[in-house]
Amino acid sequence: MENREFQVPEGIKEKLNQINRQLSTFVEELVRDYEEKVNNLQQRVEELEQENVELKYKLRQLGNELKNLSEKIASEFLKRAESALEEVEKFNRE
């Protein structure tokens with residue numbers, strides 16, 4: 001029994017090389033697309049984080065404005081209530 005190496009015909013070798021190149025190109029494109037999508041998502045995350053910071057600041061400002069407005073409303077209400085009470089007391093004295 002003679003030990004001979006199996007020889008792959010040239011046509012098959014060429015087809016295998018062609019398939020290998022196509023697969024390599026396909027994988028490179030997949031990796032490139034994946035990296036692009038990851039970069040886009042990272043950029044979007046950074047934009048959303050910045051927007052979140054800005055919205056928190058605006059919310060804090062609105063909270064302060066609401067507090068000030070509430071204090072002004074309460075103060076005005078007390079002034080009017082005191083004025084009404086004085087009017088009632090004045091009316092009762094007459």
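The paragraphs below lead from the overall form of the protein to its charged side chains.

The structure is a predicted model, and its secondary structure is quickly described, since the protein has one helix and zero strands. Helix 1 runs over residues 10-93, in a protein of 94 residues. The dimensions of the model can be read in two ways. Taken along the principal axes, the box filled by the C-alpha atoms is roughly 135 × 25 × 15 Å, and the radius of gyration is 40 Å, where a compact globule of 94 residues would have one near 12 Å. One pair of positions gives a further sense of these distances: E29 and K67 are 38 residues apart along the chain, and their C-alpha atoms are separated by 56 Å.

The accessibility of the residues completes this overall picture. Of the 94 residues, 0% count as buried, a term that here requires a relative accessible area under 20%. The protein exposes about 9700 Å² in total, and carbon and sulfur atoms supply 55% of that area.

Charge is the next topic. The protein carries 16 positive and 22 negative charges, and the mean positions of the two sets are 2 Å apart. Side chains of opposite charge can pair when their charged atoms come close, and a search of the whole structure finds four salt bridges. Three of these salt bridges are followed here, among them the one between E14 and R21, in which the closest N and O atoms are 3.4 Å apart. R21 counts as partly exposed because its relative accessibility is 46%, and E14 is likewise placed in the partly exposed class by its value of 44%.

Another salt bridge joins the side chains of R44 and E47, with an N to O distance of 3.4 Å. Both residues lie in helix 1, three residues apart, which corresponds to about one turn of the helix. R44 has a relative accessible area of 41% and is therefore partly exposed, while E47, at 37% relative accessibility, also counts as partly exposed.

The pair E76 and R80 is also held in helix 1, with a spacing of four residues, again about one turn of the helix. Their salt bridge brings the closest N and O atoms to 3.0 Å from each other. The two partners fall into separate accessibility classes: E76, with a relative accessible area of 35%, is partly exposed, whereas R80 is exposed because its relative accessible area is 58%, and the exposed class begins over 50%.

Charged side chains also gather in a patch of like charge. Which residues form the negative surface patch? The patch is made up of E28, E29, D33 and E36. One of them, E29, belongs to helix 1 and is partly exposed, with a relative accessible area of 38%. Membership of a patch requires over 30% relative accessible area and no salt bridge, so E29, at 38%, satisfies the accessibility part of that requirement.

Taken together, the model presents one helix and zero strands, a radius of gyration of 40 Å and 0% of residues counted as buried, with four salt bridges found in the whole structure and a negative surface patch that includes E29.

Note on methods:
Residues numbered from 1 in each chain as written. Predicted model: local features only at pLDDT ≥ 70, side-chain atom pairs only at ≥ 80, totals over all residues. Heavy atoms only, no water. Patch = residues over 30% accessible without salt bridge, like charges linked within 9 Å, V, L, I, M, F, W, Y side chains within 5 Å. Areas by Shrake-Rupley, 256 points an atom, 1.4 Å probe, with all protein chains shown as cover. Lys, Arg positive; Asp, Glu negative; His and termini not counted. Charge placed at Lys NZ, Arg CZ, Asp CG, Glu CD. Helix = DSSP H or I, 4+ residues; strand = E, 2+ residues; numbered from the N terminus. Buried < 20%, exposed > 50% of the residue type's maximum accessible area, 1.4 Å probe, protein only. Rg over C-alpha atoms; globule rule 2.2 N^0.38 Å.
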